[in-house]
Amino acid sequence: MTRLFFTLILLHLVYSYPIVWYQSLSVGVNAGWGRFLYDTQSHQNLLTYTDYATALPSSCVPYFDDGPNVLVLSANQINGTYQQMSSIASPEGYIQEQSILFQIENSGTLLIAMRSRLPNCDWFGLPVVTSNDQGKTWTFLSYLDQTNSSDGQFNRGLWEPFLYQLPNGCIAGFYADETHADQGWNQIVGERVSCDDGKTWGDEIFAAALQDGVSRPGMPGVARLSNGSTILVFEVCGSDNCNIHYRISDDGTTWTGYGLGTQIPDQMNGPFVQVTPMGQVIVTSACTNVISLSNDNGNTWFQNEPPAFNVNCSSGGPFTWPAIYNVDDQNAVVVLVTGLSPGVNFEFGREL
């Protein structure tokens, strides 16, 4: 829940290496929380990030700038150009950030889930907005979740939403939830399901949780495995040094008992998971900035060599909020997001 900067990298990565870089693109200055989507309807590369005015919101203190805007851009990996498509302003008096793009498979409708809060931390919410014109305009749709009152506490909030289409066509919204801390669940990965394209959401599911008063599973990422199961990755702070764990569900909503799953070696803080069309599972995370690969649905892992970046937080490098994406099902292009410099930067690449 700290301010992060991002670099976006597109690479053609399935089973062979190395990568040759051929195009770079930089956008924004006071920018953070970058996320990406390949729009299968318009065949555009869409980027969303939070554009801050000057000062950065911090903890539960007054914020004197206008609230940050969530921007949506269209980027071209051939000539390194981009075009701003839309801007979603924070409602007056609120701080709105941490946006993630999502596309409903059948209709092509775009959704963005965000984290919103009052500067004094009396309220947190996860608004969902929708676009039917390929990201040009957005309208409010629903709240994935919201607090009744956080009583001015920064550690009773809702964070880092993630949207995922379930095998049955419904949409699952995952997020970090601190609202059960007074009952011994310091933080959990919560999940709610919508079967009406995000208009309404069901009761909260504890997807990753341990009632020990210490463990803080959070920053969830989700993907569909080649066998049809769902893999959920998350950090476990508090009790396990923010190492990355995963759990697997047959249907994406049924998680056997309460627990923290299985650790993925060499991954720490803020993870992201993707599965290539070839079925390979790819995981990266915010502290180590390495890429872990699995060819057996998470039973065993190995690292991609060389790493995308030779930086990590233990050696003084930046914390990041990374992400990996399949951009084109035919070419198995993926995107890696990492934070090496201010602003949001693209680097495009392909296999040799």
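**Strands, disulfides and salt bridges in a predicted model**

At 12% relative accessibility, Cys-237 counts as buried, since the limit for that word is under 20%. This cysteine belongs to a model that is predicted. Cys-237 forms a disulfide with Cys-242, and the two sulfur atoms lie 1.9 Å apart. Its partner, Cys-242, is buried as well, because its relative accessible area is 15%. The torsion about the S-S bond of Cys-237 and Cys-242 is about 115°, so this disulfide is right-handed.

A search of the whole structure gives 2 disulfides. Another pair is Cys-170 with Cys-195, whose sulfur atoms are 2.0 Å apart. Cys-170 sits in the loop between strand 11 (158-165) and strand 12, while Cys-195 sits in the loop between strand 13 and strand 14, so the bond ties together parts that are 25 residues apart in sequence. About the S-S bond of Cys-170 and Cys-195 the torsion is about 105°, and therefore this disulfide is right-handed. What is the relative accessible area of Cys-170, and is the residue buried or exposed? The value for Cys-170 is 9%, so the residue is buried. Cys-195 has a relative accessible area of 59% and is therefore exposed; the limit for exposed is over 50%.

The loops that hold this second pair lead to the strands beside them. Strand 12 covers residues 171-177 and runs antiparallel to strand 13, with 7 bridges joining the two. Within this pairing, Ala-172 stands opposite Val-193 of strand 13. Strand 13 itself spans residues 188-194, and 6 of its 7 residues are buried, so one can call the strand mostly covered. Strand 13 also pairs with strand 14 (residues 205-208); these two run antiparallel and are joined by 3 bridges. Here Val-189 is the residue opposite Ala-208 of strand 14. In a regular strand, side chains alternate between the two faces of the sheet.

Strand 13 also takes part in a contact between charged side chains. Side chains of opposite charge can pair when their charged atoms come close. Asp-145 forms a salt bridge with Arg-192, and their closest N and O atoms are 3.3 Å apart. The pair links distant parts of the chain, with Asp-145 in strand 10 (residues 139-146) and Arg-192 in strand 13, 47 residues apart. Both Asp-145 and Arg-192 are buried.

How many salt bridges does a search of the whole structure find? The search finds 4. One of them joins the side chains of Arg-115 and Glu-97, at 2.0 Å from N to O. Arg-115 is part of strand 8 (residues 110-117) and Glu-97 is part of strand 7 (residues 95-103), so the pair ties together parts that are 18 residues apart in sequence. Arg-115 and Glu-97 are both buried.

A further salt bridge brings together the side chains of Arg-156 and Asp-182, at 2.8 Å from N to O. This pair links distant parts of the chain: Arg-156 is in the loop between strand 10 and strand 11, Asp-182 is in the loop between strand 12 and strand 13, and they are 26 residues apart. Arg-156 is buried because its relative accessible area is 18%, whereas Asp-182, at 61%, is exposed.

Further along the chain is strand 15 (216-224). Strand 15 is mostly covered, as 8 of its 9 residues are buried. Strand 15 runs antiparallel to strand 16 (residues 230-237), and 7 bridges join them. Arg-224 has Thr-230 in strand 16 as its bridge partner. The hairpin of strand 15 and strand 16 has 5 residues between the strands, and in this hairpin Gly-228 takes a positive phi near 95°.

Strand 15 also helps to enclose an empty space. Rolling a probe the size of a water molecule over the atoms shows where empty space is left. The structure holds 1 cavity of 30 Å³ or more. The largest cavity has a volume of about 70 Å³. Which strands each supply at least two residues of its lining? They are strand 11 and strand 15. The lining includes Glu-160, Pro-161, Phe-162, Met-219, Pro-220 and Gly-221, with Arg-35 and Trp-321 also among the lining residues. By class, the lining of the largest cavity has 8 nonpolar, 1 polar and 2 charged residues.

Technical notes: Residues are numbered from 1 along each chain as its sequence is written. This is a predicted model: local features need pLDDT of at least 70, side-chain atom pairs count only at pLDDT 80 or more; totals for chains, interfaces and linings use all residues. Side-chain values use heavy atoms; hydrogens and water are left out. Buried means under 20% relative accessible area, exposed over 50%, partly exposed in between (1.4 Å probe, protein chains only). Helices (H or I, at least four residues) and strands (E, at least two) are DSSP runs, numbered from the N terminus. Two strands pair if DSSP finds at least two bridges between them. A disulfide is a pair of cysteine sulfur atoms within 2.5 Å. On a 1 Å grid over the protein atoms alone, a cavity is a set of points where a 1.4 Å probe fits but cannot get out, and a pocket is an open set with protein on both sides within 12 Å along at least five of seven lines; lining residues have an atom within 4 Å of a point. Grid points are joined across faces, edges and corners, and a volume is the space filled by probe spheres set on the points. Ala, Val, Leu, Ile, Met, Phe, Trp, Tyr, Cys and Pro count as nonpolar, Asp, Glu, Lys and Arg as charged, and the others, Gly among them, as polar.
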